[in-house]
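Me: I would like to learn how to read a few features of a structure, beginning with its cysteines and then moving on to its sheet. Could you take me through them step by step?

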Amino acid sequence: MAKDKKQVYISLDVEADGPFPGLYSMLSAGYAAFVEGETEPVSTFTRNLELIEGADQHPETMAWWNSTAALRMLYAETRVDTVSGKTFVDDFTDWINTEFPNNKYDRVVVCYPASFDWKFPDYYFCRYSPNNKNPLGFSKCLDIKSYVFARLGTKFCHTTKRNMPKHWF
């Protein structure tokens, strides 16, 4: 890392209609960017996405979305003002390159769990970007679950939000 570059930690949350991208669609993606040393986000980016043509909706995932009135309402919100996968990629690339250019920032995505949230946008970037590349790279992703596991020294399978110290929230 160049000494004059700051790190920007980009918290990512994804909603989807199935367990993995391609056969299922990303419904929405939200990013909140925190520059090192700051405690509040300095910029955000969100989009609701159109369903991938020909993709399915996973029965168990959709049963979860339909399990409560609140979840049905949240699902309905992901269907408002949707954009194509290509538009999502173009808009995100413009946002990240304008707000946090590579020559000034080292970008790090942060999510919980990365094994779910990271793979959806990565798939969309690889599928819909002109150069088939993720503008965040392929390995600059910090998994909060793994970090907490290492920090607390718990068993990995017991490293869940409900077992984390309450003051963290």
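**Cysteines and the sheet**

Reply: Let us start with one residue in this predicted model: Cys111 is buried, its relative accessible area being 2%.

Me: Why is Cys111 not bonded to the closest cysteine sulfur?

Reply: The general idea is that a disulfide needs two cysteine sulfur atoms within 2.5 Å. Here the closest cysteine sulfur to that of Cys111 belongs to Cys141 and lies 3.8 Å away, which is too far for a bond. Cys141 is likewise in no disulfide, and the count for the model comes to zero disulfides.

Me: Is Cys141 buried or partly exposed?

Reply: Cys141 counts as partly exposed, because its relative accessibility is 23% and buried means under 20%.

Me: In which order do the strands of the sheet lie?

Reply: The six strands form an open sheet in the order S4-S3-S2-S1-S5-S6, and their pairing is mixed. Strand S4 (82–83) and strand S6 (141–143) stand at the edges with a single partner strand each, so one side of each has no neighbour in the sheet.

Me: How do strand S1 and strand S2 pair?

Reply: Strand S1 (residues 6–16) runs antiparallel to strand S2 (residues 26–35), and nine bridges join the pair; for Glu15, the bridge partner in S2 is Ser28.

Me: Which strands does helix H2 touch?

Reply: Helix H2 (residues 69–78) packs on the sheet, where it touches S2, strand S3 (43–49) and S4, and its direction makes about 85° with that of S2. Helix H6 (residues 144–152), in turn, lies across strand S5 (105–111) and S6, running at about 55° to S6.

Conventions. Residues are numbered from 1 along each chain as its sequence is written. This is a predicted model: local features need pLDDT of at least 70, side-chain atom pairs count only at pLDDT 80 or more; totals for chains, interfaces and linings use all residues. Side-chain values use heavy atoms; hydrogens and water are left out. Buried means under 20% relative accessible area, exposed over 50%, partly exposed in between (1.4 Å probe, protein chains only). Two strands pair if DSSP finds at least two bridges between them. Helices (H or I, at least four residues) and strands (E, at least two) are DSSP runs, numbered from the N terminus. Contact means heavy atoms within 4.5 Å. Axes are lines fitted to C-alpha atoms, for helices over the stretch in contact, and angles run from 0 to 180 degrees between N-to-C directions.
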